[in-house]
Amino acid sequence: MRALVVDDVAEIRELISVLLSADGFRIEGVAESAEEAFEHLQLENPAAPPVADVILLDVMLPGIDGIAACGRIKSDPRYRDVPILMVTARQESASLQQAFAAGAADYIRKPVQKSELLARVRSCLRQRGEAGSPAAGRSKAWRPVDSLLLPGRELIEAILAAAAAAERPPAMAVAALRADGWASVRERDGEETAGALTAALADRLAREPATLGDVLAQAGDGCLLALLRRVQAPEADQRVAAWIGGGPAAGGTISAGLAWCPADTPAGLRELTGRAMAALAAAANAGGGRVETA
């Protein structure tokens, strides 16, 4: 697999290049600006073959910034399906919304960590392969997850905001889930034990069926969020009910809150996460081990 690394800081370019090379990637080129990246990709020569299978692109670049550069690259048919991962120290919802609206596939946080970099790059390439396979759109497992590497709530909110800005947004749902008794475990046994409970829940969810484009994220305080794209309300209900059918650990139970928004209702998309988390609180207050729908 060929990679292009774009960052104006030489040390970061070198770090990403070394980590990818050690994992079997061929570094097709490095660039310190968007303009230099465009030259590597030969955007001015539409007859040239594509030269990269994945692009790592810094958000804060001199001149043309990374978000604008992402949009320019994605406008080229040769790179429409090539995943672009934004490398950023900024995780505000507005910045991520702009990046996803421009066509970014995922983001990597600075300082760059080897495990997160490789996990996210592999995941994007895996999803790209699934999208082009005959089985695209069929049910499959969530991508393997490490709860410590799950993206934050801001990723789901950025995707929802970008969808809300689209001309015809699809139907979507967000589920918020937590192991019952998580707060008591943290108070009694400490953060490490409570974190292990959340990791067990993440591992359980990772084994459940998912469809291409679904996203699993963490929202803090033991809560996990699942974004379900292009899903109707009955299917969302069935999937979440199946998830809580068994606990994350022997004898444990799960509470879940579910919020759904029909297609072509952009205003409702922005409220999904908050509605799902409010429904989760209602499920836990009602005794746990159940799904409440907002």
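1. Welcome to this structure. The chain holds eleven helices and twelve strands. Please keep in mind that this is a predicted model. Of its 294 residues, 46% count as buried.

2. A word on how the chain folds back on itself. Take the contacts between residues at least 6 apart in sequence: 72% of them join residues at least 24 apart.

3. A good place to begin looking is helix α1, which spans residues 10-22. Ala10 is found in this helix. Is Ala10 buried, exposed or partly exposed? Its relative accessible area is 40%, and because buried means under 20% and exposed over 50%, Ala10 is partly exposed. Ala10 also has a partner to look at further along the chain: Glu32 is 22 residues away in sequence, and the two C-alpha atoms are separated by 7.7 Å.

4. Next, a pair of helices. Two packed helices are described by the angle between their axes and the distance between the axes. Here the pair is α7, residues 182-189, and α8, residues 191-206. They pack at an angle of about 150 degrees, and their axes lie 7 Å apart. Angles over 145 degrees count as roughly antiparallel, so α7 is roughly antiparallel to α8.

5. Which residues make the contact between these two helices? From α7 come Trp182, Val185, Arg186 and Asp189. From α8 come Glu191, Thr193, Ala194, Leu197 and Thr198. Sorted by class, the contact of α7 with α8 has four nonpolar, two polar and three charged residues.

6. Now for some strands. In which sense do β9 and β10 pair, parallel or antiparallel? Strand β9 (residues 215-220) and strand β10 (residues 223-229) pair in the antiparallel sense, over five bridges. To find your way along the pair, look for Val215, which stands opposite Leu227 in β10.

7. The turn of this hairpin deserves a glance too. There are two residues between the strands β9 and β10, and Asp221 takes a positive phi near 55 degrees in the hairpin.

8. Finally, the cysteines. How many disulfides does the count come to? The count is zero, with a disulfide taken as a pair of cysteine sulfur atoms within 2.5 Å. Two cysteines are worth locating. Cys124 has a relative accessibility of 7%, so it counts as buried. Cys223 has a relative accessibility of 1%, and therefore Cys223 counts as buried.

How values were computed. Residues are numbered from 1 along each chain as its sequence is written. This is a predicted model: local features need pLDDT of at least 70, side-chain atom pairs count only at pLDDT 80 or more; totals for chains, interfaces and linings use all residues. Side-chain values use heavy atoms; hydrogens and water are left out. Axes are lines fitted to C-alpha atoms, for helices over the stretch in contact, and angles run from 0 to 180 degrees between N-to-C directions. Helices (H or I, at least four residues) and strands (E, at least two) are DSSP runs, numbered from the N terminus. Angles under 35 degrees count as roughly parallel, over 145 as roughly antiparallel, 65 to 115 as roughly perpendicular and the rest as oblique. Contact means heavy atoms within 4.5 Å. Ala, Val, Leu, Ile, Met, Phe, Trp, Tyr, Cys and Pro count as nonpolar, Asp, Glu, Lys and Arg as charged, and the others, Gly among them, as polar. Two strands pair if DSSP finds at least two bridges between them. Buried means under 20% relative accessible area, exposed over 50%, partly exposed in between (1.4 Å probe, protein chains only).
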